[in-house]
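Let's take a walk through this structure together, one region after another. Keep the viewer open as you read, so that you can find each residue as it comes up.

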Amino acid sequence: MMPATHADESETLALARAGDEEAFRLLVEPHRPKLHAHCYRMLGSLHDAEDVLQDALLRAWRGLPGFDGRSAFGTWMYRITTNACLDAIAKRPKRVLPVDYGPPASNGSEVGTRPAGVAWLEPYPDDAYAIEDPGPDARYEQRESIELAFVAALQHLAPRQRAVLILREVLGFSAKEVAEVLGSTPASVNSALQRARKAVQERIPARSQQATVRSLGDERVREIVERFTDAFDRGDTGAILSMLAEDATFSMPPYAGWVRGREAVGRSWLIPEGPSPRLRYLPTRANGQPAVAAYALAPDGTRYVPLALDVLTLRDDLIGDVTAFRSPELFEAFGLPPELAA
């Protein structure tokens, strides 16, 4: 398919402004995956990203007659979407991971309760993510900007600081463009960026997952995931522990508790020695990181049903963190089967 020309887009825009919904869909479709990822970075939730993007598209459709074309259509869509995100953030608690919610469990034997009223960060499927073509001011690699630690760090920023950092350093907008998006000034944008950059750097690892994966190579990463799932299939607790970093962490949102340390992880999470027919695993990817989908044997013993999505954070060739999202409803969004045969 030949790429659309500027004349094609202008003609489609004219039709959309005249009320042609199909023309509007054609305009929006190339931008949708990028806008969806933008909403996820802002909100930390796959479901909230979808809801807010729908709201932004409705705002864009209603506001299209007022679009004067002084900026690119994509830039205009980012303005509308960013402000829809800011409106949503004002009505919602920030999303966190258990490691940001409280200290590790003292005895390392359990992961705690499910506290009411806490909004937990959600994982993001790689297949839903679109690699943007960032502007010259972008600082973060595109896949770095979707990593679990980075998105978690973003949630601790004030909402407008969050928007500034994403627009400037992930998408590469100029300070002037960001000021136009937020109804601010370039000086104010640059000041907010400095504060946001410092706060994020204090929370993210010195080495990104993308740098780690590149150093290991795709084949080595696949081997680590295969060894991990095979050890679970065999119930080989010793093999699993040997793959964990000494100070590895384990958490299981929406449970608030978490543990740190290889032995504590073993006490709180791992099964006794010996094979267990009650779990099955499928490799997947989330947030640009390796992940494993866990299925549990259903009570009737006829099938395995979704249990948890374990996102793995690697430190060299060891597993440094396991975030096991007990959110079976997310499996569909990751393209995972709704059940496995027993």
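The paragraphs below go from the nonpolar cores to a buried helix, then to the largest pocket, and end with some backbone details and a few single residues.

A word before starting: this is a predicted model. With that in mind, the nonpolar interior is a good place to begin. In soluble globular proteins, nonpolar side chains tend to be buried together. Here the largest nonpolar core has 75 residues, and Phe73 and Val200 are the members that touch the most others. Helix H5, which spans residues 73-89, gives this core its largest share, with 10 residues. There is also a second, separate core of 29 residues, and Leu244, Ala264, Tyr281 and Val292 are among its members.

Which residues does Phe73 contact, once neighbours within four places in sequence are set aside? The list is Glu9, Leu13, Phe24, Leu27, Val28, His31, Leu64 and Phe67. Phe24 turns up again around Ala60, a residue of helix H4 (residues 46-63). Not counting residues up to four places away in sequence, Ala60 touches Phe24, Trp76, Met77 and Ile80. Ala60 has 0% relative accessibility, so it counts as buried. For a sense of scale, try drawing a line from Ala60 to Ala239: the two are 179 residues apart in sequence, and their C-alpha atoms lie 53 Å apart.

Next, please select helix H8, residues 159-170. Its 12 residues reach 16 Å from the first C-alpha to the last, close to the 16 Å expected at 1.5 Å a residue. Is H8 mostly buried or exposed? Of its 12 residues, 10 are buried, so H8 is largely enclosed by the rest of the structure. The buried ones are Gln161, Arg162, Ala163, Val164, Leu165, Ile166, Leu167, Arg168, Glu169 and Val170. Notice that this list includes Arg162, Arg168 and Glu169 alongside residues such as Val164 and Leu165. What surrounds these buried residues of H8? They pack against helix H3 (32-43), H5, H7, helix H9 (175-182) and helix H10 (186-201). Just after H8, Gly172 takes a positive phi of about 80°.

One of the packing partners of H8 is H7, and H7 leads to the largest pocket, where it gives the largest share of the lining, 5 residues. This pocket has a volume of about 730 Å³. It is lined by 33 residues, and those nearest its centre are Ala149, Arg203, Pro205, Thr313 and Asp321. Helices and strands both take part: two or more lining residues come from each of helix H6 (98-101), helix H7 (148-154), helix H11 (209-216), strand S1 (244-251), strand S5 (303-315) and strand S6 (318-325). If you are thinking about the chemistry of this lining, its make-up by class is 13 nonpolar, 10 polar and 10 charged residues.

Strand S5 deserves a second look, and Val305 lies in it. With a relative accessible area of 25%, Val305 is partly exposed. Leaving out residues up to four places away in sequence, Val305 touches Ala294, Tyr295, Ala296, Ala298 and Pro338. Val305 and Ala187 are 118 residues apart in sequence, with 53 Å between their C-alpha atoms.

Now for the backbone. Most residues other than glycine have a negative phi, and most peptide bonds are trans. The loop between S5 and S6 holds Asp316, which has a positive phi of about 55° although it is not a glycine. Asn287 likewise has a positive phi of about 55° without being a glycine, and it is found in the loop between strand S3 (279-286) and strand S4 (289-297). Asn287 has 0% relative accessibility, so it counts as buried. Where is the peptide bond that is cis? It runs from Pro253 to Pro254, with omega near 20°. Pro254 is found in the loop between S1 and strand S2 (258-260).

The last stop is Lys34, in helix H3. This lysine is partly exposed, with a relative accessible area of 26%. Lys34 and Phe334 are 300 residues apart along the chain, and their C-alpha atoms are separated by 17 Å.

Conventions. Residues numbered from 1 in each chain as written. Predicted model: local features only at pLDDT ≥ 70, side-chain atom pairs only at ≥ 80, totals over all residues. Heavy atoms only, no water. 1 Å grid on protein atoms, 1.4 Å probe; cavity = no way out; pocket = protein on both sides within 12 Å on 5 of 7 lines; lining within 4 Å. Points joined across faces, edges and corners; volume = space filled by probe spheres on them. Helix = DSSP H or I, 4+ residues; strand = E, 2+ residues; numbered from the N terminus. Nonpolar A, V, L, I, M, F, W, Y, C, P; charged D, E, K, R; others polar. Core = buried A, V, L, I, M, F, W, Y, C linked by side-chain atoms within 4.5 Å. Buried < 20%, exposed > 50% of the residue type's maximum accessible area, 1.4 Å probe, protein only. Contact = heavy atoms within 4.5 Å. Expected span 1.5 Å × (residues − 1).
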